[in-house]
Amino acid sequence: MQIVVGVAEMKVSNQQEHVVITHALGSCIGVAIYDPLVKVGGLLHYMLPDSALDEEKGRENPFMFADTGIPRLFKECYKLGALKQRMLVKVAGGSQVLGGPEHFNIGRRNYAALRKIFLKNNVLIGKEDVGGTKARTMYLEIATGKVWVKIIGQNQTIIEL
Amino acid sequence: MSLVPQVLRSLKNLPPFPMVAQRTLLLLNKPEVSIQELVEVVKFDPAITANILRISNSAYFGLRREIHSLHQALLLLGTQELLKIIIASGATRVFAAPTPGYFTERQGLWRHSVSCGLMVDVLCRELSLPDQATGFTAGLMHDIGKVVLSLFVEQKFHEIMEVVEKQGVSFQAAEKIILGVDHAEMGGEMARMWDFPDRLRLAITYHHLDKPEAYTDDLILLVYLADILCLMFGQDLGTDGLAYTGYPEVLRHFHLREKNLQRVLLQFGSAWDEAQVLFGLMGQKDGIQRANRG
């Protein structure tokens, strides 16, 4: 059964039949975390790096921003019995349009925000597929913790992260 | 080998632009539009009146009172909003065919087009520019060339993508290299055949800012920027992904900093949720189904 995560949403699950999906990541970032021992996983699709932009919005919907969304993603998984030291972390998205890196770089800022939060909290990214101009759809299979990224294109290339 | 003759031949079979939308486009330039003029236009298509009421009463406008008539809709929403609704519901037929060269989802082009129209509105608000139906319409129509070019892009997709990847050019530039014509030019040609107002035609033709003429009208720059922001937002992205060029001079022209762009995306997120009724204009069952997607 597919559980869909929209823009600025997050879903966690321990249901073995669930595949958690987020469609069409542009500059947004999808973060999948998974504890293989208890088979608990979560997927967050955030849009912007920092809730300082609009703190009220950040309280209203923490999943809009990296700094408010990522901690919540971990906490919701802990509630289902996951432990931080067992978490496998995979990241996709953060694409950019062509041109100089100094403008239109929300994708890169989104990625930088995530790295900063992970560094501060001693979280390692296991695998990632970020940047470039590709549109990506991301899947997390709760039964196995496998993560796939589908590159939107004619071939619909699917890679396992 | 250029496909231009083949592409141009395919334009000979271009169906007419839906009449109600066509007539409404002519009202865009008028400073005042009377209720009588609007009634004259929509009376040819009873489904449009039903759509107007449905959209007027949706979360998109969030009115407290229920609207029962065209007249009431005009009073409460104003001419510009009503023009947007009429054009969007009148134009759906043009977007009805799938465009597999660009979108793997059947309604991908429609959804991207509506999104771009909404994004122009959000940008106008951020820039304190008047939120006019012309901007929404130009956003809605900017990729109309993809309707016809899809067939050819589908055939040559891998060659086009190879040019994008090897030469680092935009998807549009690669279309031009491989097919001899790109979707913006194609859209401009269609707009000419359909007698679109000049401003609208030029916004379609130049929306990727690949010619100096693009800089003659802020409307073109707004549509360009809205398109780029839609790609960044994600959702309903096509096979061309984000392979288009970001021009910093456009940001400077509008005095937009990155924070402004972030705020526009934030606002667009809410507008997009509330506008599901517009996406749903294309095949209502499917629209509702897809509205639950995100």
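This is a walk through a predicted model, with stops at a sheet, an interface, some salt bridges and a pair of cysteines.

**Stop 1: the sheet in chain A**

Start with chain A and colour it by strand. You should find an open sheet of five strands with mixed pairing, in the order S2-S5-S4-S6-S7. Now pick out 9-13 and 127-130: these are S2 and S7 of chain A, the edge strands, and each has a single partner, so one side of each has no neighbour in the sheet. Look along the sheet and you can follow a twist that averages 10 degrees from one strand to the next.

Zoom in on residues 29-35 and 40-46 of chain A. These are S4 and S5, which pair in the antiparallel sense over seven bridges. For a landmark, click Ile33(A); opposite it, in S5(A), is Gly42(A).

**Stop 2: the helices on the sheet**

Select residues 66-79 of chain A next. That is helix H2, which lies across S2, S4, S5 and S6 of chain A. Its direction is at about 165 degrees to S5(A). Then add residues 106-120 of chain A, helix H3, which lies across S4, S5, S6 and S7 of chain A. Helix H3 runs at about 30 degrees to S4(A).

**Stop 3: charges on helix H2**

Stay with helix H2 of chain A and show the side chains of Glu76(A) and Lys79(A). They meet in a salt bridge, 3.1 Å from N to O. Both sit in H2, three residues apart, or about one turn of the helix. Are the two partners buried or exposed? Glu76(A) is buried at 17% relative accessible area, while Lys79(A) counts as exposed at 64%. Add Arg72(A) to the selection and you have a network of salt bridges linking Arg72(A), Glu76(A) and Lys79(A).

**Stop 4: where chain A meets chain B**

Bring chain B into view. The contact involves 37 residues from chain A and 43 from chain B. Together the two chains bury about 3,200 Å², with 66% of that on carbon and sulfur atoms. On the chain B side, select Met232(B), Leu242(B) and Leu266(B): they supply 21% of the area that chain B buries against chain A, more than any other three residues.

There is charge here too, with two salt bridges counted between the chains. To see a salt bridge, show Arg109(A) and Glu258(B), whose side chains meet at 2.5 Å, N to O.

**Stop 5: salt bridges within chain B**

The whole structure holds 22 salt bridges over all chains, so pick a couple more in chain B. Go to Asp143(B) and Lys146(B), where the closest N and O atoms are 3.2 Å apart; both residues are buried. Then select residues 145-167 of chain B, helix H9, and find Lys156(B) and Glu159(B), three residues apart, about one turn of the helix. Their salt bridge has its closest N and O atoms 3.8 Å apart. Lys156(B) is buried at 19% relative accessible area, and Glu159(B) is partly exposed at 39%.

**Stop 6: two cysteines without a bond**

Finish with Cys116(B) and Cys230(B). Why is there no bond between them? Their sulfurs are 4.8 Å apart, too far for a bond, given that a disulfide needs the sulfur atoms within 2.5 Å. Both cysteines are tucked away: Cys116(B) is buried at 0% relative accessible area, and Cys230(B) is buried at 5%. Searching the whole structure for disulfides turns up zero over all chains.

Terms used. Residues numbered from 1 in each chain as written. Chains lettered and ligands numbered in written order. Predicted model: local features only at pLDDT ≥ 70, side-chain atom pairs only at ≥ 80, totals over all residues. Heavy atoms only, no water. Pairing = 2+ DSSP bridges. Helix = DSSP H or I, 4+ residues; strand = E, 2+ residues; numbered from the N terminus. Axes fitted to C-alpha atoms, helices over the stretch in contact; angles between N-to-C directions. Contact = heavy atoms within 4.5 Å. Buried < 20%, exposed > 50% of the residue type's maximum accessible area, 1.4 Å probe, protein only. Buried area = accessible area lost by both parts, 1.4 Å probe. Salt bridge = Lys/Arg side-chain N within 4 Å of Asp/Glu carboxyl O.
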